[in-house]
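Me: Please take a close look at one part of this structure for me. I would like to see how two chains meet.

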Amino acid sequence: MSLLTILAISLIGCLCAAWVFRFSGQVLSDQKPFFRDMPYGVAFGYVLGVAVLAWIIVTYIGAKIAGFPAANKLYFFVKAVEWFVIFAVAAVLFRILGRNLGTAGMRKLFRSMPLTASFGILIIILYAIVSIFAGWIAPYGQEQVFAQANIPPGGDPSTGGNPQFPMGTDQIGRDIYSRLIYGAQNTVGIAFATTCLAFFIGGTFGFLAATLGGWLDQIVSRTVDVLMAIPALIFALLLMTIATVWANNFGIDRTIFMVVIIAVIDATRVYRLARAVGQNIVVMDYIEAAKLRGEGLMYLIFREILPNATAPLLAEFGLRFCFVFLTIASLSFLGVGIQPPLADWGTMVKDLSQFINFAQFAPNVASAPLLAAGAIALLTVAVNFVVDWMLHKSSGLKE
Amino acid sequence: MSGTLLKIRNLQIEGRADETWNPIINGIDFDLNKGEVLGLIGESGAGKSTAGLAAMGFTRDGCRISGGTVEFDGIDLVNASAAVKRGLLGKRIAYVAQSAAASFNPAHKLIEQHVEAPVQHGVQDRATSQADGIELYRRLRLPDPDNIGFRYPHQVSGGQLQRAMTAMAMSCRPDLIIFDEPTTALDVTTQIEVLAAIRDIVEQFDTAAIYITHDLAVVAQMADKIKVLLKGDEVEEADTRTMLSDPKEEYTKSLWAVRSFQRPAKPAINTGATPVISVQNVTAAYGTVPVLFDVNFDIHQGRTVAVVGESGSGKSTAARCITGLLPPKQGHIEFDGVALPLDYKKRNKDQLRQAQMIYQMADTALNPRKSIGEIIGRPVQFYSGLTGADKRRRVEQLLEQIELEPTQYINRLPSELSGGQKQRVGIARALAADPKFIICDEVTSALDQLVAEGILKLLADLQDTLGLSYMFITHDLATVRSISDEVVVMKDGRVVEQGPKADMFQPPHHPYTDLLLSSVPEMDPDWLTELLEKRGIDNIGDAAVGKMV
Amino acid sequence: MGSIARIILQRLALGLLTLLIVSMVIFVAVNALPGDFAQQILGQGATPEAIEAIRKDLGLDQNYFLRYFSWLGNLLTGNLGISFAQMNFASNMGGDQLIGVAEQIRPRFMNTMFLAGVTAVIAVPLSIILGLLAALYRNTVFDRAANITTLSSISSPEFFLAYILILFLAVLNPVFPSLSNIFDGMGFGDRLNKTMLPALTLTLVVTAHMMRMTRAAIINLLASPYIEMARLKGISPMRVIVKHALPNALAPIINVIALNLAYLITGVVVVEVVFVYPGIGQLFVDSVKIRDIPVVQACCLIFAAAYILLNLAADIMSILSNPRLRHPK
């Protein structure tokens, strides 16, 4: 109840402060339009923003000064603030770099880029490097089992850590740091391959349906309607049940089934978009001109339609990738996705999740599952930031 | 009657694009007296709509007034608070938008929207205002004025909505109304009714107005004085008759001169000659909806046949039948005396090559991802098999024919060209096939008048040098007059009348042709008055007497 | 009004047809399993008699067509079959106290509905208000901050948000319990308390989606010429929103709500597993792991039906709120 009281008091405080802020602004600035026409909601927004910022700074400094038990409690808060600042600074630096290096076109691109998008691009590049060169970066193999299991992270021998395993080892003695790095390769790589497959299937059918129309369009569209009437994750789980039996019977890796299943489910969404985009382009007069010229289907699709569909398709690729990536992570988390011994983030979260309960006594132990989950979130957030910017840019051009 | 109502001095407006502010209007001045009508004219991008809205102290999102003053009846609108401006808008200054269909809220009945301003501003109570609305509908000659207000916007036609919007603007008897291209989206025969209604009601209530349009003939009917804008700058201002008879500036003169372009008449067609294209008894339908009924016409070598009609008359459908995109249900189409397969998919390469098409919207007619060289080069290569240097030479030759410098334009993308240049590239693409016959579908209607004039001249020159035949689809009779040899008038999917141009512009006519011809505004400021007298509508009051169409 | 009734009937029929085809798809998918079904269920050590009994019981000796229709007929009468796990238990241990899938699912389904309901009660008003605010104050600092926050929340996997909430609200500051061990006969307050964390997790995800979609719908609307017209008539901003924007925004907003409630269905699976919430999602995942086909089939069908129904509801609501359809020419 006390929490609610504090919240209520601070809310009322902010409301009063907002009124004072606007009123004094009006008086002091001699009725400048900025204050005169300021809605009360906006004034409240400013005050609230300042209050939250002040609270963050005060708590952060407090945590830095505080001793052992209190500091533990604020450990994650401090880390979150620090990482936020680090990422923000990195993004700013990256954007400055982009604005001053490279070709003229690239510099122009970076100049109009919001900070979120440059952060996204930076993260995507980092993930790409880590997943491609995982074998070189990781100190140990992903399946390598060491004698000592359950070493806590931190690498400090006084708290039971081991400097050889900066993030500790898991319950059967595999190096968590290496598995995190290999996780990038496996999780991102498989998601990327799945998305490509989904685009190949969905894009092909979508453009064919848009260009040819008629019965092909009808059949494929109705099929897609039915497939889309089943929620994606539920359908994937159902098919995975069956796939595990198939996999056992025929000795094929379950992961391959998963890739195909998710690709097919996702292809339905790609199909919808490709068809819609294709249909918008097909009604253009230049397509009619090409048809009347006597051009063949392949020329129409590859030379006239596809070049105009790249922008929306690229944005959709980003969104689909996120979706596939999250679906795979969810399946792995639920225990039916990527199979051990392959390292993968979803499975790691599941395996390490019980450590969260140690947060109050050993925050660094609790951070292991969060790191794996955070690694998933960070990439999807990054991709979404870039896609958001791309969509905003293309819609802005239309106006 | 006297006294300045609106005073604008050195008005500057900027618009935001790509994170920077770019000027839209760079300092214009004007005064408007009570009861006076000012015509603001200019081509697209002249800033006339922006200026009109600024006269209400309003700017659209992404625009701002960066300098100058707007003074309405002594009130400074640039620096007035939002509340002060709200008190004026709708009450003393009203607005009539271009698209009435989009500007009425689809969720409310017309009369609901009509009474909103008077009730909200406390001018009248609901019942009085509603009765007044019905009276205004009657004066604006809306059909069934007692009940039309109780319909939803989508249940009322475009021309009627535009008049209902004028009534709505009048609801508080404002001192000033801004008309923003109120008739641009309407057909000519409908336009007349709306113009007459607007002019009469503005006169009746002695309302001052700013009438924004790109159509000189329209503004000549409506305005007491005219101001010409070009790219955000003022060109000149004078009272209507002076401006029409004696324009001072070169730009204004060139605008006026557009209307005078006319091709010399050609000798009569040799009766025995085989037409290039012969449309015979063509009946067509979209699905089960019939759209063309027994259409016949011929197009001869080196001739231009203008197909005229309002929206929905079937003129574009006729073109789709000829190209084979919409195979006719009955009848056939002959090319040089030989019947063409009805479906374009069944036509051979040579048949496809002989008939080319130029589109209305150059923006959608050119693939935005291909360079000009590729766009023109593709049909060259496709039909004649030329490649490499030969192909490039042919493309350069074509670019010269359409008066674009080859080295400068060959590698550009369509987005780097102006509207007129894009349309020229569309012409070059058609020429690249080396056709005998070209369909021009409203090729000039999306262009400003000066640019359209250039395109028409180019088409005429090409016809003379290459012996091309044109089917020229248009709704604009001025264009018909300037370019055609023969005219086909269409209405509701049927050919109403056809013949040589000279005959078509001489009476007697089919009644519809007559209506169409007489509805085209002329530059004479007395034209509307005279026309209305001739049609038997002299003034407001005798409502619905002359309800045409 | 005749045309609108016809359109709605058409949509209803289409929804039913889709549901029927979906049931077919699910049936075919499950029956595409290779090898001997009964053997799969009972494992290698089963007696031939037990296998034979199950085969007869499941009607595996009949052809696909008959099996589908008997399955469908059973479905319609509420008989969802008997879980393999139950059957296995019975065949190994003896006894005949079999609980049908329907009885197994019912309490869990109610639990899931409770969770979804709590989420909706928090998320729907919150997200619509936030979405409206973001649309009204678009391109301000508030809008940008909201954009970044919601985008991050959408992008994060549900289990990440769930563990973050557990970390801060259960472990570090024990406000709510991290395990949702709900049972029958629990008091409402207690039940609500234990449902809070999963509900908050779902709220985070759904609110972000709904808020973004509401914002987009409203901004789209505010750009329309009739809103500009209303402003130019000197109407107060509040009245512009209430009288001119809202009636037209109803359809898109209802659509947004229905779509997100449908989205909840998918999200509920992962969240229930994280919090060990005894809902239908957890049952589904458990059954998937042990390949308990009758339960998987039934759950899948329930999820699909809810999904289709919500989409159908959205469709019908938007038809009803369209003045063009309500008042035909």
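**Where chain C meets chain A**

Reply: Chain C and chain A bury about 4400 Å² between them, and carbon and sulfur atoms give 80% of that area. Buried area is the accessible area (1.4 Å probe) that two parts lose on being put together, summed over both. This is a predicted model, where local features need pLDDT of at least 70, side-chain atom pairs count only at pLDDT 80 or more, and totals for chains, interfaces and linings use all residues. Residues are numbered from 1 along each chain as its sequence is written, chains are lettered from A and ligands numbered from 1 in the order in which they are written, and side-chain values use heavy atoms, leaving out hydrogens and water.

Three residues stand out. C:F159, C:Y163 and C:L172 supply 15% of the area that chain C buries against chain A, more than any other three residues.

Now count the contacts (heavy atoms within 4.5 Å). On chain C, 51 residues touch 50 residues of chain A.

The rule finds one salt bridge across this interface. A salt bridge needs a side-chain nitrogen of Lys or Arg within 4 Å of a carboxyl oxygen of Asp or Glu. Here the side chains of A:D388 and C:R212 meet, at 3.4 Å from N to O.

Which helix of chain C gives the largest share of the side that touches chain A? That is α8(C), with ten residues. Helices are DSSP runs (H or I, at least four residues), numbered from the N terminus.

Terms used: Helices (H or I, at least four residues) and strands (E, at least two) are DSSP runs, numbered from the N terminus.
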